[in-house]
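Got your viewer open? Set the cartoon on, keep the selection box handy, and follow along.

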Amino acid sequence: MHIVAICSQKGGSGKTTLSGHLAVQAHRAGDGPVVLVDCDPQGSLAAWWNARELPGPDFARTTLGSLEEDIARLRDRAFRYLFVDTPPAASAAIARVMHFANLILVPTRPSPHDLRAVRATLDLAERAGKPLVFVVNGATARSRLTTDAAVALSQHGTVAPVLVSQKVIMASSMIDGRTVMETHPESPSAREIESLWDYVRERLARLANREAFLRRRPAATGFGRRQIEGEEAEAPAAVGELA
Ligand SMILES: Nc1ncnc2c1ncn2[C@@H]1O[C@H](COP(=O)(O)OP(=O)(O)O)[C@@H](O)[C@H]1O
Ligand SMILES: [Mg+2]
């Protein structure tokens with residue numbers, strides 16, 4: 001099971017919007033089974049899912065406190081992708097979510113406030129040794145602010161090559177439990193989410209391949225450690241850009 005945590009200290013950056021949209025897109029693309037969890041006590045994602053009448057993705061109830069056991073349970077049920085929506089914080093609780101994640105997505109609006117806030121989330125991800133990708137959300141066409149934001153973020157880490165535009169339909173589509181791919185399937189916003197999921201899926205696959213490679217790699221050839229019979233190589237922490 002690939003676990004994607006959507007984290008950002010900043011409220012309103014698009015965590016819940018992207019969690020719902022990416023999970024639905026993974027389901028629609030036939031990559032499932034997909035499950036969502038909402039770790040934000042505000043429960044916006046849970047409320048969206050409860051309003052949803054269309055089939056998939058699944059939703060599992062959890063809390064930050066029971067996340068570990070709940071993830072184990074979801075692994076047993078053979079879900080392929082788990083998306084974790086989180087509250088706007090850079091706290092020990094968020095660090096715990098990151099600990100379970102294979103990839104952390106950080107939605108960031110192209111505004112000076114959002115850019116200033118990325119440091120705390122980035123520090124947590126680095127400490128957890130987990131790869132992180134920024135997603136510029138709320139982008140406006142031909143805006144200097146958007147280009148500047150992408151450039152500024154690229155100084156800190158990987159930026160998704162797909163920008164998610166600021167569009168009313170992104171917000172309105174979620175009112176009755178749907179997503180923009182379902183309310184406006186021909187829209188550029190739907191194309192953006194499809195491309196973003198293609199990118200995230202590809203990245204997760206590469207990360208999984210790399211982890212499998214490191215697990216297979218004999219200890220003696222790896223990191224200059226003397227091989228002791230039965231001893232396994234320790235994989236280095238997967239920080240930042242991996243491939
Ligand atoms: N790309 C977008 N275009 C238009 N509105 C957006 C977009 N992304 C998010 N929103 C809106 O912005 C607000 C905050 O988004 P939300 O996903 O709830 O952020 P967070 O979960 O990070 O607090 C919501 O009202 C949402 O509908
Ligand atoms: Mg939210």
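**Strands, then helices**

Start by selecting residues 2-6, strand β1, together with β4: the two run parallel and are joined by five bridges. Keep in mind while you click around that this is a predicted model.

To find your way along that pairing, pick His2, whose bridge partner in β4 is Tyr81. Further on, select Ala5, and you'll find Val84 as its bridge partner in β4.

Stay with Ala5 for a moment. What stands opposite Ala5 in β5? Select Ile104 and there it is. This belongs to the pairing of β1 with strand β5, residues 103-108, where three bridges join the two strands in a parallel run.

Now show the side chains of β1. Five of its five residues are buried, so the strand is largely enclosed by the rest of the structure. His2, Val4 and Ile6 point one way, while Ile3 and Ala5 point the other way, and all are buried.

Next, move your selection to β4, residues 81-85. Buried or exposed: how does this strand come out? It's mostly covered, with five of its five residues buried. Colour one side by picking Tyr81, Phe83 and Asp85, then the other by picking Leu82 and Val84; both faces are covered, and every one of these residues is buried.

Besides its bridges to β1, β4 also pairs with strand β2, residues 34-38, in the parallel sense over five bridges. To see one of the matches, select Leu36: its bridge partner in β4 is Phe83, which you've just coloured as part of one face of β4.

Time to leave the strands and turn to a pair of helices. Two packed helices are described by the angle between their axes and the distance between the axes. Select residues 15-28 for helix α1 and residues 44-51 for helix α2: their axes come within 9 Å and cross at roughly 40 degrees. That makes α1 oblique to α2, since angles under 35 degrees count as roughly parallel and 65 to 115 as roughly perpendicular. The crossing of the two helices is right-handed.

Which residues of α1 and α2 meet? On the α1 side, select Thr16, Ser19 and Gly20; on the α2 side, select Ser44, Leu45 and Trp48. Colour this contact by residue type and you get two nonpolar residues, four polar and no charged.

Key:
Residues numbered from 1 in each chain as written. Chains lettered and ligands numbered in written order. Predicted model: local features only at pLDDT ≥ 70, side-chain atom pairs only at ≥ 80, totals over all residues. Axes fitted to C-alpha atoms, helices over the stretch in contact; angles between N-to-C directions. Helix = DSSP H or I, 4+ residues; strand = E, 2+ residues; numbered from the N terminus. Parallel < 35°, antiparallel > 145°, perpendicular 65-115°, else oblique. Left-handed = near helix turned anticlockwise from the far one by under 90°. Contact = placed C-beta atoms within 7 Å. Nonpolar A, V, L, I, M, F, W, Y, C, P; charged D, E, K, R; others polar. Buried ≥ 20, exposed ≤ 12 C-beta atoms within 10 Å, placed from the backbone. Pairing = 2+ DSSP bridges.
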